[in-house]
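Me: I am new to this structure and would like a close look at a single part of it, namely the aromatic ring pairs and the helix packing that goes with them. Please take me through it slowly, and explain the terms as you go.

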Amino acid sequence: MDEPTRERTRAVDAVLLLGPTACGKSALAMQLAREIPLEIVSIDSAQVYRGLDIGTAKPSAAERAEVPHHLIDLRDPSEPYSAADFVRDAVRVIGEINARGKLPLVVGGTMLYAKALREGLSSLPSADPEVRARIEARAKEAGWPALHAELARLDPATAARLPPNDSQRIQRALEVVELTGLPLSQLQSAPQRERNRAPLRFSTIALLPEDRAELHRRIEQRFDAMLAAGFLDEVRALMARGDLNPDLPALRSVGYRQAWRHLLGETTFTEFRAAGIAATRQLAKRQMTWLRAFRSEPPIDPLAVQRQEAVARRLLQTMGEVQRF
């Protein structure tokens, strides 16, 4: 190895390959796995649930047989799974992959999990069912935008990054204030996170499409492909269990909540399809906002190069500067 290359190379425990939905992360990860010895670690808060397959674009049985995939199908949809659970599981799996002499490639788009893995977890209180019930009762009476306005008074920093109808996160932020007397944004401060940081070294590669119209086209195309593959039948099967409801974290995933409403007869098929595509576009926008805030290797535009092999070449070149092999 020549001296300039030695200076560029640095040891890492894992590479994070992050990007918005429908930008081609999974296909690129499979392409990379055919070039270098790696195993894939999913960083997807919906793929951890069994039975949520089509709507989460879960890797196929053939792909999982070809390349080991981890942190998929860990929970029943009725069970919770948190960022803390993910960090614990990811740290364990990354260590096991390193022990096998392979590179862990952490692939996905759940940016909250990525932030927790890279920067550590804040010391937050556990969920309190009584407090949550009170907040939900107030929301039914006044509406979530009213509770968002209340959060803006109590925790302006958190409220500024949440849409007025983001019920799950508004509820959690208000719950934290009630349980601790402190705003969520303060509890998520860097010094607290540093104390709970995973003892691992990461390099982060961000896939950031510049052509928003092309990304939107791919999102629409993928949503229609999911419908053709039987997505609504998948949601019907979940509904038929009888023990699930659309307020569970698993079923708040993009696409599932819109499908659930449609199958209850609350929307037409046309309205459901439009709502699902719009929600997916909004998710992609949030993911790219998170990615721009992360410090990482220079971002790669996966849509700027037409051939997937060319994008993989760029990724391999970037990874060659950070991996241990």
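**Aromatic pairs and a helix contact**

Reply: A search of the whole structure finds 6 aromatic pairs, where rings of Phe, Tyr and Trp (its six-membered ring) pair if their centres lie within 6.5 Å, and planes under 30 degrees apart count as stacked, over 60 as edge-to-face and the rest as tilted. The model is a predicted one, in which local features need pLDDT of at least 70 and side-chain atom pairs count only at pLDDT 80 or more, while totals for chains, interfaces and linings use all residues. Residues are numbered from 1 along each chain as its sequence is written, and side-chain values use heavy atoms, with hydrogens and water left out.

One of the pairs is formed by Phe86 and Tyr113, whose ring centres are 4.9 Å apart and whose planes stand at 20°, so this pair is stacked. Phe86 belongs to helix H4 (residues 83-99) and Tyr113 to helix H5 (residues 111-119), so that the pair links distant parts of the chain, 27 residues apart; helices here are DSSP runs of H or I with at least four residues, numbered from the N terminus. Phe86 is buried, with a relative accessible area of 1%, and Tyr113 also counts as buried, at 5% relative accessibility, where buried means under 20% relative accessible area, exposed over 50% and partly exposed in between, for a 1.4 Å probe and protein chains only.

Another pair is that of Phe223 and Phe272, with ring centres 5.8 Å apart and planes at 55°, so the pair is tilted. Because Phe223 lies in helix H12 and Phe272 in helix H15, the pair ties together parts that are 49 residues apart in sequence. Both Phe223 and Phe272 are buried, and ring pairs link them with Phe231, Tyr256 and Phe269 into a cluster.

The two helices that carry this tilted pair, H12 (residues 212-228) and H15 (residues 269-293), pack at an angle of about 135° with their axes 10 Å apart, the axes being lines fitted to C-alpha atoms over the stretch in contact, and the angles running from 0 to 180 degrees between N-to-C directions. That makes H12 oblique to H15, since angles under 35 degrees count as roughly parallel, over 145 as roughly antiparallel, 65 to 115 as roughly perpendicular and the rest as oblique. In the contact (heavy atoms within 4.5 Å), the residues of H12, including Leu215, Ile219 and Phe223, meet residues of H15, among them Phe269, Phe272 and Ile277.
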